[in-house]
Amino acid sequence: MKRVVVGLSGGVDSSVTAHLLKEQGYEVIGLFMKNWHDDSVTISNECPWLEDSNDAMIVAEKLGIPFQVVDLSEQYKERIVDYMFAEYEKGRTPNPDVLCNREIKFDVFMDIALKLGADYVATGHYCRKAEEIIDDKPVYKLLAGKDNNKDQSYFLCQLSQQQLAKALFPIGELTKPEVREIAKEADLITAEKKDSQGLCFIGKVRLPEFLQQKLQPKKGDIVTIPSDFSDYIKEQPKFESKEEELKYLSTKFTYNKTDGKVVGIHQGAHYFTKGQRKGLNVGGTKEALYVIETDVEENVIYTGEGKQHPGLYRNVLFVANEEIHWIREDLTLKPSETMQVEARIRYRQVLEQATLYKVDSGLYVEFENKQSAIQEGQFVAWYKNEELLGSGVIS
């Protein structure tokens with residue numbers, strides 16, 4: 001009998017995951033990951049992790065499976081929280097959920113599971129896994145979840161073959177309504193429970209306050225850049241090579257205060273991310289202002305008026321070599337090779353047609369259509385026929 005350790009989070013998805021595995025004849029163990037201690041930054045008075053671990057325990061009892069809480073807050077602080085602060089300080093936008101899966105759920109947590117003699121680790125992610133023998137070796141594939149509204153493959157874009165080999169995603173073939181239906185029929189307490197929002201496992205955290213604990217506020221100017229700014233309308237040079245063109249197109253615009261006008265004051269450029277609209281508190285413009293660039297060195301936020309502002313859009317991005325990750329190692333591109341893919345630069349974004357270009361220093365991703373708010377530090381993930389092939393951190 002194969003043994004599976006399920007990360008029970010106290011939500012409906014992981015509850016149904018455990019239930020289905022038990023029905024499929026696995027020996028199931030439920031573990032709740034406690035990743036956070038510091039209640040000073042959670043919004044509500046209710047303690048989310050206590051409530052969640054309680055729900056997880058009740059579900060485990062109902063299913064008749066062993067249950068325990070594992071405290072991973074040490075590793076979480078080191079690998080996720082500290083990384084987030086470092087990224088924000090550089091003016092980049094991290095994605096803690098992608099990292100949490102790579103570093104915590106499928107690394108630290110997986111180690112604990114394997115020490116418990118588990119053959120697999122299962123999570124309540126909406127994605128699927130397939131296997132194919134290629135050159136006499138099993139190759140694992142990460143496929144999008146069947147429910148288009150809930151597909152969570154993006155969050156797992158940094159997993160490796162070794163991690164996928166041991167992973168199970170039992171609800172990947174189901175839609176969210178079907179999952180709730182199964183929970184109801186199995187009489188699980190989490191059937192009607194609302195989906196959790198907020199950082200992976202921390203519960204509802206107010207990001208600015210969370211960051212403020214580490215990053216000191218410092219006042220700076222908010223500058224608006226007109227949509228006819230000279231760099232937007234200048235003619236493109238003639239390029240000697242495709243690589244030269246890609247380099248040109250992936251280079252972001254640089255602004256000086258003199259390029260626009262000062263319209264307000266902010267509390268710290270490192271609290272803002274590209275494409276952000278809320279929190280600027282500047283009135284009197286015809287359309288809403290969007291952040292088009294942050295300068296953490298000079299502590300200036302550059303904004304543009306309206307969602308269509310040219311400062312928000314680019315169609316090429318670059319990933320440095322050390323940040324490229326192939327789930328399908330067998331498909332890794334060599335310099336000067338290209339690949340037609342579909343790609344996204346954020347969770348829930350509709351997949352867009354794109355071409356990968358491998359060069360000596362890294363990888364260019366050229367989108368057919370311009371993308372809004374390409375953010376350094378975020379992950380770009382590329383797919384082919386529902387399969388997530390690889391990902392990288394946008395430089």
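In the predicted model, ten of the twelve residues of helix α1 are buried, so this helix is largely enclosed by the rest of the structure. The buried positions are Val12, Asp13, Ser14, Ser15, Val16, Thr17, Ala18, His19, Leu20 and Leu21. Helix α1 covers residues 12–23 and reaches 16 Å from its first C-alpha to its last, which is close to the 16 Å expected at 1.5 Å a residue. The helix is followed by Gly25, for which phi is positive and lies near 90°.

Two sheets were examined in terms of strand order and pairing. Strands of a sheet pair through backbone hydrogen bonds, in either the parallel or the antiparallel sense. One of the sheets is open and consists of five strands in the order β3-β2-β1-β4-β7, with parallel pairing. Its edges are occupied by β3 (67–71) and β7 (167–168), and because each has a single partner strand, one side of each is left without a neighbour in the sheet. At the β7 edge, the partner is β4 (residues 120–122), and the two strands pair in the parallel sense over two bridges; within this pairing, Val121 stands opposite Ala167 in β7.

The other sheet is likewise described as open, with four strands in the order β9-β8-β11-β10, and its pairing is mixed. Here the edge positions belong to β9 (261–266) and β10 (289–295), each of which has a single partner strand, so that one side of each is left without a neighbour in the sheet. From one strand to the next, the twist averages 30°. The mixed character of the sheet can be followed strand by strand. Beginning at the β9 edge, β8 (residues 220–224) and β9 pair in the antiparallel sense over five bridges, and Gly220 stands opposite His266 in β9. The next pairing, between β8 and β11, is parallel and comprises three bridges, with Ile301 in β11 as the bridge partner of Ile222. The sheet is then completed by β10 and β11, which run antiparallel and are joined by six bridges; in this pairing Ile301 of β11 is the bridge partner of Thr294. Ile301 is thus a bridge partner both of Ile222 and of Thr294. Strand β11 (residues 300–305) is itself mostly covered, since five of its six residues are buried. The hairpin formed by β10 and β11 has four residues between the strands, and Asn299 in this hairpin takes a positive phi near 60°.

With regard to cysteine pairing, a search of the whole structure finds zero disulfides. Cys127 is in no disulfide, and the nearest cysteine sulfur, which belongs to Cys157, is 11 Å away. Considered from the other residue, the sulfur of Cys157 has its closest cysteine sulfur in Cys127, and this separation of 11 Å is too far for a bond, given that a disulfide requires sulfur atoms within 2.5 Å. As to solvent exposure, Cys127 counts as buried because its relative accessibility is 0%, and Cys157 is buried with a relative accessible area of 0%.

The empty space within and around the protein was also characterised. Rolling a probe the size of a water molecule over the atoms shows where such space is left. The structure holds two cavities of 30 Å³ or more, and the largest cavity has a volume of about 80 Å³. The lining of the largest cavity is made up of Lys252, Phe253, Tyr255, Lys274, Ile292, Glu293, Gly311, Leu312, Tyr313, Arg314, Ala373 and Ile374. Strands β10 and β12 each supply at least two residues of this lining, and β10 is one of the edge strands of the four-stranded sheet described above.

Among the open spaces, the second largest pocket contains about 410 Å³ of space. This pocket is lined by 15 residues, of which Asp231, Tyr248, Leu249, Thr251 and Phe253 lie nearest its centre. The elements giving two or more residues to its lining are α8 (230–233), α9 (242–250) and β12 (313–320), and among the contributing elements β12 gives the most, with three residues. Strand β12 therefore takes part in lining both spaces, because it supplies at least two residues to the largest cavity and three to the second largest pocket. Phe253 is likewise found in the lining of the largest cavity and among the residues nearest the centre of the second largest pocket.

Note on methods:
Residues numbered from 1 in each chain as written. Predicted model: local features only at pLDDT ≥ 70, side-chain atom pairs only at ≥ 80, totals over all residues. Heavy atoms only, no water. Pairing = 2+ DSSP bridges. Axes fitted to C-alpha atoms, helices over the stretch in contact; angles between N-to-C directions. Buried < 20%, exposed > 50% of the residue type's maximum accessible area, 1.4 Å probe, protein only. Expected span 1.5 Å × (residues − 1). 1 Å grid on protein atoms, 1.4 Å probe; cavity = no way out; pocket = protein on both sides within 12 Å on 5 of 7 lines; lining within 4 Å. Points joined across faces, edges and corners; volume = space filled by probe spheres on them.
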